[in-house]
Amino acid sequence: GSGCVARAQYCDGRHDCRDYSDEENCPPSASRPACDPDRQFECEDKTCLEIGLRCNGRVDCPHDGSDERGCPDSTITCRSDEFYCNDGGCLPMSVLCDGRPDCRDGEDEQRCPNRLTCQAHEFQCREDRTCIDFSKKCNGLPDCRDGSDEEDCGEVCGSDQITCGDGSCVLKTYVCDGTPDCTDGLDERNCSCRQDDFTCGDGSCIPRLRYCDRRM
């Protein structure tokens, strides 16, 4: 999840973010503070850990698991929100099947669902080809890792409008009025249909008289 750490904690050799992102893409190790051999353990990637985390039965070196190697009768267990790599490391589930290998043998990118195409109500991210709901397209927040869902958004909708999947704007007063105004029908999804309406498979509503009228 998102969170803030002090600028001084970025690339300081200690992982403060749960996903270890504060220790990624750091300058060469020569510019990073050296580990204190009396109080700290140095991972293979030069990250420093408190010495008590060495051989404690779980991986704390964020990328290589070197703190649990060569330990007597060590059994590595990952948390329920982590993925176990064959090399003995634990990774956050958030990096599983994200298009980038994080385990040494790339195991976290194997046996992933090969979704080359997204469904009609989904947007496909450019970089890792993952699918997100169209409602997240151009909503002002990057939901794709590469931010491609916030590109080519066209006009900026006002506070009294919603943003359709294609970037167009529709007044909130038109939401759930029984008539789709967004080209993707976003304004009529997840609505409670009136008693005299028919509920479509995607949750949108149409007048009962249009049911079985042989028109799609």
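**Cysteine pairs in a predicted structure**

In this model, which is a predicted one, the cysteine C48 lies in strand β2, a strand made up of residues 48-50. With a relative accessibility of 4%, C48 counts as buried, because the cut-off for that word is a relative accessible area under 20%. A cysteine is worth following further, since a disulfide is a covalent bond between the sulfur atoms of two cysteines. When the whole structure is searched for such bonds, four disulfides are found, and three of them are followed here, beginning with the one that involves C48.

To which residue is C48 joined by a disulfide? The partner of C48 is C35, and the two sulfur atoms of this link are 1.9 Å apart. Looking along the S-S bond of C35 and C48, one finds a value of -95°, and the link is left-handed. C35 lies in the segment before β1, the strand of residues 40-42, while C48 is in strand β2, so this disulfide ties together parts of the chain that are 13 residues apart in sequence. C35, like C48, falls under the cut-off, for its relative accessible area is 13% and C35 is therefore buried.

Another cysteine to consider alongside C48 is C61, which is 13 residues away from C48 in sequence and, from C-alpha to C-alpha, 8.2 Å away in space. The disulfide partner of C61 is C43, with a distance of 1.9 Å between their sulfur atoms. Because the torsion about the S-S bond of C43 and C61 is about -85°, this disulfide is left-handed. As for its place in the chain, C43 belongs to the loop between β1 and β2, whereas C61 belongs to the loop between β2 and β3 (residues 82-84), so the pair ties together parts that are 18 residues apart in sequence. Both C43 and C61 are buried.

Further along the chain, a disulfide is formed by C164 and C182, whose sulfur atoms are 1.9 Å apart. Here the torsion about the S-S bond is about -65°, and the disulfide of C164 and C182 is therefore left-handed. Which parts of the chain does this pair tie together? C164 is found in the loop between β7 (161-163) and β8 (169-171), and C182 in the loop between β8 and β9 (197-199), so the parts that are tied together lie 18 residues apart in sequence. Turning finally to accessibility, C164 is buried, and C182 is buried as well.

Methods:
Residues are numbered from 1 along each chain as its sequence is written. This is a predicted model: local features need pLDDT of at least 70, side-chain atom pairs count only at pLDDT 80 or more; totals for chains, interfaces and linings use all residues. Side-chain values use heavy atoms; hydrogens and water are left out. Helices (H or I, at least four residues) and strands (E, at least two) are DSSP runs, numbered from the N terminus. Buried means under 20% relative accessible area, exposed over 50%, partly exposed in between (1.4 Å probe, protein chains only). A disulfide is a pair of cysteine sulfur atoms within 2.5 Å.
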